[in-house]
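Biologist: Could you take me through one part of this model in close detail? I would like to hear about the helix that carries much of the contact between the chains, and about the aromatic rings around it.

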Amino acid sequence: MAAQACTGRVDYRTPVTKFRDASAVVIETTKTYLSALNKAERDHYLRQQAAFQKQITASEINNVQVFSGDGIRTRLKALTLLSDYTELLYQLANSDAPTAIKGKASDLQTALTNLSGEVMTLGGEDNAGFKGAVDKVFPVIGKVLEVFVSRKIDDGIKAAIEQGTQPVNDLIDALKVDVEIAYQRRRSDFGTQRTMAINEYNKEFEKRELADAGKLRAYAEVISSVEDNIEAFLTAEPGEGLAAMKKANEALEKFAKKPKPSITDFGSFVDAMEAFSNAAKRAGDAVHNIQQ
Amino acid sequence: MTKLELIRLIGDVLTEIDTRIGDLLPSDPRQRELQDLRLLLDDRQRQLSGKVFDDNTQAFQAAVEQLQGINKDIKRTIADIKNLQDTISNVNRFLVSLTSLMSTAGGIV
């Protein structure tokens, strides 16, 4: 865990690798949450209507969906670009092939510009916060990428970390709000699932001596399964993964700004990446439950 | 309190109501009453999710403080099945205050 190789360069490889790996998990879980948001709202509406024996209408199925298809698509693309950015940092720390990295940085710049254009065409209040963040953040990240394209690799990684941290964290903040809202809506749906399962059991129970014991057992199993899903769902909020990513990003910046990091500085930096890695694992473990 | 924190607060109230609904038998008319309130509250949360409004205004913060106060009343009464009518009244008050906040703050509803 040497902080500096004999060349005097700071060795970012291991912690940046951990940052890249944990970021990939958090970004994938965030994508899963966002992709499932409209389905969650549709299913929630259908379950509620069925549970309370109310009419279902096609127009209401449309109305209940929080984000437009374009809104979700552009957010998923923004997350992909964020993942590509952390991958670039990883390659900067691990590679001595400047031409390949400059090419990737240039491609990412183009992707950012294209996505920025797409995001600006989004309408609706639900996209206002995201549009504002992209409008502010993407040009700054674009300038950081310009450093990779035009200057030396050593300059690139420090510039990326020092100048890129704030815009990346601003983008994380914008996405985090959407993801936390998705979590709360999913939480409400789980509540409906729970009451539906309990009601099915109790409708049979209310038949008293005429209640079917086999059905009661089956309904009890359904309640048990729903409770297990709720317990797993509540284990990790997706926003926690993004918050941990932001904190790790700040730790990376703090470390990069040290002119001569000590062993203690390096130790704190590694600990911060470890904490992020653990938070990412929790988020990753919990995400499959939203598909229930 | 931010819009997101308000959405979380509504989520907490929904969870409280769900527990009470689950304690009642389907034949109990009070279950239906609570379910109807639950439907409306859930819809308000969903509407809030997709809207933008200024959560920094004094009016917003005052309305949110009122909602937090009503939530404390809900928590106080919800544990006692004998106090169910009080719980239903408090949830109603919460819904009315929330609807008022959303109409004032963002022209929603």
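Modeller: Happy to! One term before we start: a residue counts as buried when its relative accessible area is under 20%, with a 1.4 Å probe and protein chains only. Please keep in mind, too, that this is a predicted model.

Let me begin with F233(A), which is buried by that cut-off because its relative accessibility is 1%. Its partner is Y183(A), and the two rings are stacked, 4.6 Å from centre to centre with 10° between the planes. Y183(A) is buried as well, at a relative accessible area of 4%. Where do Y183(A) and F233(A) sit in the fold? Y183(A) belongs to helix α6 of chain A and F233(A) to helix α7 (residues 213–233) of chain A, so their pairing ties together parts that are 50 residues apart in sequence. The two rings also have company: F190(A) joins Y183(A) and F233(A) in one aromatic cluster.

Now to the contact between the chains. It draws on 31 residues from chain A and 29 residues from chain B. About 2500 Å² is buried between chain A and chain B, 51% of it on carbon and sulfur atoms. Four salt bridges cross this interface. One of the contacts by that rule links R8(B) to E180(A), whose side chains meet at 3.1 Å, N to O. There are also 13 residue pairs in polar contact across the interface, with both residues at pLDDT 80 or more.

Which elements of chain A give two or more residues to the side that touches chain B? They are α1 (13–51), α2 (58–63) and α6 (153–205). The largest share comes from α6(A), with 16 residues. By residue class, that side of chain A divides into eight nonpolar, 11 polar and 12 charged residues.

For a second look at aromatic rings, the count over all chains comes to six aromatic pairs. Beside the stacked pair of Y183(A) and F233(A), I would point you to F266(A) and F269(A), which meet edge-to-face at 6.2 Å centre to centre, with 70° between the planes. Both of these residues lie in helix α9 (residues 263–287) of chain A, three residues apart, about one turn of the helix. F266(A) is buried at a relative accessible area of 3%, and F269(A) is buried at 2%.

Key. Residues numbered from 1 in each chain as written. Chains lettered and ligands numbered in written order. Heavy atoms only, no water. Contact = heavy atoms within 4.5 Å. Buried area = accessible area lost by both parts, 1.4 Å probe. Polar contact = N/O pair within 3.5 Å; in protein donor to acceptor, adjacent residues only side chain to side chain. Helix = DSSP H or I, 4+ residues; strand = E, 2+ residues; numbered from the N terminus. Nonpolar A, V, L, I, M, F, W, Y, C, P; charged D, E, K, R; others polar. Phe/Tyr/Trp six-rings, centres within 6.5 Å; stacked < 30°, edge-to-face > 60°. Buried < 20%, exposed > 50% of the residue type's maximum accessible area, 1.4 Å probe, protein only.
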